[in-house]
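Reader: I have a structure open and would enjoy walking through it with you. Shall we take it question by question?

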Amino acid sequence: MKINIMFFINSILLGAGLAMDAFSVSVANAISNPKMSKSKMITVAGVFGGFQFLMPLIGWLCVNTVVNYFKAFEKFVPYIALVLLVYIGGKMIFDSLKNESDENEATLGAGTLFVQGVATSIDALSVGFTIQKYSFVSALISCIIIFAVTFIICISGLIIGKNFGNRYSKRAQIIGGIILIGIGIEIFVKGLI
């Protein structure tokens with residue numbers, strides 16, 4: 001595909017579509033961590049954007065090299081996302097109920113953030129099929145645009161969640177866990193259809 005205005009519009013729309021799960025998880029993270037620092041917010045948005053950058057690029061590489069192996073893996077994507085997000089959401093709910101008397105906010109460690117990044121972007125591997133006819137440079141530029149769009153959308157989600165979490169901090173961690181479980185179920189159902 002030639003790099004023109006339609007290329008940029010398609011990449012922006014692709015990025016917005018891919019970023020919706022990351023947006024929801026960003027909201028849930030900020031609800032559970034209403035005192036999240038600006039640097040942590042940038043890190044969270046950067047991780048989600050980074051995974052949304054990498055996954056389509058890896059998908060493009062797979063499509064242009066080992067298509068048959070990728071097609072075999074693709075059917076497991078909804079199951080992987082479901083397990084990861086239900087685990088993280090369930091853990092958030094369990095931790096909030098266990099520490100109900102303790103007013104500490106949930107911690108968002110590197111391991112949890114990594115798992116969330118994988119879970120919310122694993123379906124982006126299939127975008128490699130969408131951009132398979134792009135040259136490597138075009139695919140790379142498209143993935144950079146996807147990163148930027150995801151980053152902006154996730155920052156917005158973090159701000160929204162942080163405001164909500166500050167208002168309703170008593171049950172915010174439970175709400176965040178329910179949101180993550182719901183996203184996992186939604187990805188799973190979409191993958192089966």
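Reader: Is Phe 136 buried or exposed, or partly exposed, and what is its relative accessible area?

Author: Happy to start there, with the reminder that this is a predicted model. Phe 136 is found in helix α7. Buried would need under 20% relative accessible area and exposed over 50%. Phe 136 falls in between, so it counts as partly exposed, with a relative accessible area of 41%.

Reader: Which residues make the nonpolar surface patch of about 520 Å²?

Author: Two helices each supply at least two residues of this patch, namely α1 (5-32) and α7 (136-167). Phe 136, in helix α7, is one of the members. The full set that makes the patch is Ile 3, Phe 8, Ile 12, Leu 61, Phe 136 and Val 137.

Reader: Let's step back to the whole chain. How many helices and strands are there?

Author: Reading along the sequence, the pattern is α-α-α-α-α-α-α-α. That agrees with the count for the protein chain, which is eight helices and zero strands.

Reader: What share of the contacts with a separation of 6 or more joins residues 24 or more positions apart?

Author: One pair gives a nice illustration of residues far apart in sequence: Met 41 and Ile 155 are 114 residues apart along the chain, yet their C-alpha atoms are separated by 6.7 Å. For the protein chain, residues 24 or more positions apart account for this share of the contacts with a separation of 6 or more: 92%.

Reader: Now the interior. Which element gives the most to the largest nonpolar core?

Author: This core has 39 residues, and Val 44, Phe 48, Ile 131 and Leu 158 touch the most other members. Two or more residues each come from α1, α2 (38-63), α4 (77-98), α5 (110-121), α7 and α8 (172-192). The element that gives the most, with nine residues, is α7.

Reader: Leu 158 caught my eye there. Which residues is Leu 158 in contact with, leaving aside neighbours within four places in sequence?

Author: Leu 158 is among the core residues that touch the most other members. Val 44, another of those residues, is also one of its contacts. The list for Leu 158 is Ser 26, Ala 30, Met 36, Met 41, Val 44 and Ala 45.

Reader: Why does Ser 26 count as buried?

Author: Ser 26 has its place in helix α1. Beyond four places in sequence, Ser 26 touches Val 44, Phe 48, Cys 154, Gly 157 and Leu 158. Buried means under 20% relative accessible area, and Ser 26 counts as buried because its relative accessibility is 0%.

Reader: And Met 41: what is its relative accessibility?

Author: Met 41 lies in helix α2. Leaving aside neighbours within four places in sequence, Met 41 is in contact with Met 36, Ile 155, Leu 158, Ile 159 and Lys 162. Met 41 counts as buried because its value is under the 20% cut-off, at 8%.

Reader: One last residue. Which backbone oxygen does the side chain of Gln 52 reach, and at what distance?

Author: Gln 52 lies in helix α2 and is buried, with a relative accessible area of 0%. Its contacts beyond four places in sequence include Ala 22, Thr 120, Ile 146 and Thr 150. Leu 18 is also one of these contacts, and the side chain of Gln 52 reaches the backbone oxygen of Leu 18 at 2.9 Å.

Definitions and conventions: Residues are numbered from 1 along each chain as its sequence is written. This is a predicted model: local features need pLDDT of at least 70, side-chain atom pairs count only at pLDDT 80 or more; totals for chains, interfaces and linings use all residues. Side-chain values use heavy atoms; hydrogens and water are left out. Patches are made of residues with over 30% relative accessible area and no salt bridge: like charges are joined within 9 Å, nonpolar side chains (Val, Leu, Ile, Met, Phe, Trp, Tyr) within 5 Å. Accessible areas come from the Shrake-Rupley method with a 1.4 Å probe; for residues, only the protein chains shown count as cover. A salt bridge is a side-chain nitrogen of Lys or Arg within 4 Å of a carboxyl oxygen of Asp or Glu. Helices (H or I, at least four residues) and strands (E, at least two) are DSSP runs, numbered from the N terminus. Buried means under 20% relative accessible area, exposed over 50%, partly exposed in between (1.4 Å probe, protein chains only). A nonpolar core is a set of buried Ala, Val, Leu, Ile, Met, Phe, Trp, Tyr and Cys residues joined through side-chain atoms within 4.5 Å. Contact means heavy atoms within 4.5 Å. A polar contact is a pair of N or O atoms within 3.5 Å; within protein, one must be able to donate a hydrogen and the other to accept it, and residues adjacent in sequence count only if both atoms are side-chain atoms.
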